[in-house]
Amino acid sequence: MAISLYDMSVANYLQTLGGIEGFLSKGLAHFKEKNTDPNELVEARLFEDMLPFRFQILATAHHSLGAMRGVQAGLFTPPAQLPPLDYAGLQKAVTEAREGLQKLAPADVNALEGKDVTFKVRDMTMPFTAENFLLSFSLPNFYFHATTAYDILRQKGVPLGKRDFMGRMRLKK
């Protein structure tokens, strides 16, 4: 059985974005229960030299829906500037990424296979095919930032488990 580009990319983004939505909701409930302002978390970091929670969440949106848009355009770049969103704004960014991905037709995504995609940051460019960009660059970045956001919530005491991260699995029907 061949696995399609859609199944390797969009289906995985959707699953994990659903997990992110879930663990953000659990985080919000935890902070309300503890009478803690969830916006205090927005700039939290695991380590001083790491980017904050806000960046981690926005990077999941950028490396999912943004990556698919980049593949369609043939060019992917880091965002020029990240908006200073609050906790609710971060939740909305994840939901918008998921909703945008849900609008992509599998046939349209699969038709991108073999397409040239360039990653450009400042003066550096990296040439890829669509599938190599998604599998070796975008998805690893996406999972890294999703995991880091999850870990920041865990560090702040939010009671999460692996199942919260995984999202809804695609079980046999």
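Trainee: Which residue follows α4, and what is the sign of its phi?

Mentor: In this predicted model, α4 is followed by Gly74, and the phi of Gly74 is positive, near 85 degrees.

Trainee: And which residues of α4 itself are buried?

Mentor: Helix α4 covers residues 65-73, and its buried residues are Leu65, Ala67, Met68, Gly70 and Val71. As background, an α-helix has 3.6 residues a turn, so residues three or four places apart point the same way. Met68 also turns up in the largest nonpolar core, where it is among the residues that touch the most other members.

Trainee: How many residues are in that core, and which touch the most other members?

Mentor: The largest nonpolar core holds 49 residues, and those touching the most other members are Phe23, Leu24, Phe53, Met68, Leu101, Phe133 and Leu153. At least two residues of this core come from each of α1 (5-8), α2, α3, α4, α5 (87-102), β2 (116-121) and α7 (130-155). The largest share is supplied by α7, with 11 residues.

Trainee: Take Phe53, then: what does it touch?

Mentor: Leaving aside residues up to four places away in sequence, Phe53 touches Leu24, Leu41, Val42, Ala44, Tyr87, Leu90, Ala149, Ile152 and Leu153. Two of those partners, Leu24 and Leu153, are themselves listed with Phe53 among the core residues that touch the most other members.

Trainee: Switching to the sheet, what is the strand order?

Mentor: The sheet is open and has 3 strands in the order β1-β2-β3, with mixed pairing. Because β1 (75-76) and β3 (124-129) stand at the edges, each with a single partner strand, one side of each is left without a neighbour in the sheet.

Trainee: Which pair is parallel or antiparallel, and over how many bridges?

Mentor: β1 and β2 pair in the parallel sense over 2 bridges, while β2 and β3 pair in the antiparallel sense over 6 bridges. For the first pair, Phe76 stands opposite Phe119 in β2. For the second pair, Phe119 has Met126 in β3 as its bridge partner, and Asp116 has Thr129 in β3 as its partner.

Trainee: Which side chains of β2 are buried, and which are not?

Mentor: The side chains alternate along β2, with Val117, Phe119 and Val121 pointing to one face and buried, whereas Asp116, Thr118 and Lys120 point to the other face and are not buried.

Trainee: What joins β2 to β3?

Mentor: The two strands form a hairpin with 2 residues between them, and Arg122 in that turn has a positive phi of about 50 degrees. Arg122 is exposed, with a relative accessible area of 70%. In general, most residues other than glycine have a negative phi.

Trainee: Where does Asn35 lie, and what is its phi?

Mentor: Asn35 lies in the loop between α2 and α3, and although it is not a glycine, it has a positive phi of about 55 degrees. Asn35 counts as exposed because its relative accessibility is 74%, and the cut-off for exposed is over 50%.

Trainee: Is Asp49, in the loop between α2 and α3, buried or exposed?

Mentor: Asp49, which is found in the loop between α2 (10-33) and α3 (53-62), is exposed, with a relative accessible area of 72%. Asp49 and Gln91 are 42 residues apart in sequence and 24 Å apart in space, C-alpha to C-alpha.

Trainee: How far apart in space are Pro106 and Tyr6?

Mentor: Pro106 and Tyr6 are 5.5 Å apart in space, C-alpha to C-alpha, with their positions 100 residues apart in sequence numbering. Pro106 has its place in helix α6, residues 106-110, and is partly exposed, with a relative accessible area of 42%.

Trainee: Last topic, the largest pocket: what is its volume, and which residues line it?

Mentor: Its volume is about 340 Å³. The lining is made up of Tyr6, Ala11, Leu14, Gln15, Gly18, Arg98, Gln102, Arg168, Met169, Arg170, Leu171 and Lys173. The elements giving two or more residues to this lining are α2 and α5, and the largest share, 4 residues, comes from α2.

Trainee: How many of the lining residues are nonpolar, polar or charged?

Mentor: By class, the lining of the largest pocket has 5 nonpolar, 3 polar and 4 charged residues.

Definitions and conventions:
Residues numbered from 1 in each chain as written. Predicted model: local features only at pLDDT ≥ 70, side-chain atom pairs only at ≥ 80, totals over all residues. Heavy atoms only, no water. Buried < 20%, exposed > 50% of the residue type's maximum accessible area, 1.4 Å probe, protein only. Core = buried A, V, L, I, M, F, W, Y, C linked by side-chain atoms within 4.5 Å. Contact = heavy atoms within 4.5 Å. 1 Å grid on protein atoms, 1.4 Å probe; cavity = no way out; pocket = protein on both sides within 12 Å on 5 of 7 lines; lining within 4 Å. Points joined across faces, edges and corners; volume = space filled by probe spheres on them. Nonpolar A, V, L, I, M, F, W, Y, C, P; charged D, E, K, R; others polar. Pairing = 2+ DSSP bridges.
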